[in-house]
Amino acid sequence: QVQLVESGGGLVQAGASLRLACAASGRTFSTYGWFRQAPGKEREFVAAISWSGGPRYYADSVKGRFTISRDSSKNTMYLQMNTLKPEDTAVYYCAAKYGSELTNRQYDVWGQGTQVTVSS
C-alpha cells in the first residue's frame with residue numbers, strides 16, 4: 001500500500017526555522033512535492049523535486065527561504081523552511097506522482113498533512 005506520512009510541523013515564531021519530513025512507503029515515485037493550505041484559502045504549490053535528485057522547482061513565495069531535498073536511502077523527502085513568516089502558516093501536505101514534469105501540479109498520492117503555525 002502506497003503511503004506518505006508527514007512530520008515536523010509545529011508552532012514557531014517569525015524568523016525561525018522548521019524542517020518537515022515526508023516518509024514514503026509502498027513504492028518510489030518520479031516526482032515529489034510539497035503543497036500548503038491556509039485557512040479559507042485554496043491549496044497552493046510550494047516546491048517539487050525529482051527523485052533522481054537533480055531538478056527542483058519552487059513557488060516564488062518561498063524561493064530563497066525553503067529548500068526541498070530527499071534522502072533516497074531513507075525514502076524520505078524534506079522541506080527545510082527558514083526565515084518563516086506568519087503568512088507561511090498552513091497545513092503542509094506532501095505528494096507524489098508518477099510523472100516527471102516538475103511544473104505539472106497534478107499529483108497521484110497525498111499525505112495527511114502537518115500543521116505549521118508561525119506567530120508574529
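Does asparagine 75 count as buried or exposed, and at what relative accessibility? At 17% relative accessibility, asparagine 75 counts as buried, where buried denotes under 20% relative accessible area, exposed over 50% and partly exposed the range in between, computed with a 1.4 Å probe on protein chains only. The structure is a predicted model, in which local features require pLDDT of at least 70 and side-chain atom pairs count only at pLDDT 80 or more, whereas totals for chains, interfaces and linings use all residues. Residues are numbered from 1 along each chain as its sequence is written, and side-chain values use heavy atoms, with hydrogens and water left out.

The protein chain contains zero helices and 11 strands; helices (H or I, at least four residues) and strands (E, at least two) are DSSP runs numbered from the N terminus. Along the sequence, the pattern is accordingly β-β-β-β-β-β-β-β-β-β-β. For 120 residues, a compact globule would have a radius of gyration near 14 Å, and the 13 Å of the protein chain agrees with this. The radius of gyration is taken over C-alpha atoms, and the globule rule is 2.2 Å times the number of residues to the power 0.38. The C-alpha trace spans about 40 × 30 × 25 Å along its principal axes. Of the 120 residues, 44% count as buried. Among contacts (heavy atoms within 4.5 Å) with a separation of 6 or more, 57% involve residues 24 or more positions apart.

An open sheet of four strands adopts the order β1-β3-β8-β7 with antiparallel pairing; two strands are taken to pair if DSSP finds at least two bridges between them. Its edge strands, β1 (3-7) and β7 (66-71), each pair on one side only. On average, and with direction ignored, neighbouring strands of this sheet are turned by 15 degrees against each other. The axes are lines fitted to C-alpha atoms, for helices over the stretch in contact, and angles run from 0 to 180 degrees between N-to-C directions. In general, strands of a sheet pair through backbone hydrogen bonds, either parallel or antiparallel.

Strand β8 (residues 76-81) pairs with β7 in the antiparallel sense over six bridges, and six bridges also join β8 to β3 in an antiparallel arrangement. On the β7 side, serine 69 has tyrosine 78 of β8 as its bridge partner; methionine 81 of β8 is the bridge partner of leucine 18. Five of the six residues of β8 are buried, and the strand is therefore largely enclosed by the rest of the structure.

The hairpin of β7 and β8 has four residues between the strands, and asparagine 75 takes a positive phi near 50 degrees within this hairpin. Asparagine 75 is placed in the loop between β7 and β8. A second non-glycine residue with a positive phi of about 50 degrees is threonine 83, located in the loop between β8 and β9. Threonine 83 has 45% relative accessibility and therefore counts as partly exposed. Most residues other than glycine have a negative phi.

Arginine 65 occupies the loop between β6 (56-58) and β7. This residue counts as buried because its relative accessibility is 10%. The side chain of arginine 65 reaches the backbone oxygen of serine 61 at 3.0 Å. Such a polar contact is a pair of N or O atoms within 3.5 Å; within protein, one must be able to donate a hydrogen and the other to accept it, and residues adjacent in sequence count only if both atoms are side-chain atoms. When neighbours within four places in sequence are left aside, arginine 65 is in contact with Gln80, Met81, Asn82, Thr83, Leu84, Lys85 and Asp88.

A search of the whole structure yields one disulfide, defined as a pair of cysteine sulfur atoms within 2.5 Å. This disulfide joins cysteine 22 to cysteine 94, with an S to S distance of 2.1 Å. Cysteine 22 lies in strand β3 (residues 18-25) and cysteine 94 in strand β9 (residues 90-97), so that the pair, 72 residues apart, links distant parts of the chain. The torsion about the S-S bond is about 60 degrees, and the disulfide is therefore right-handed. Both cysteine 22 and cysteine 94 are buried.
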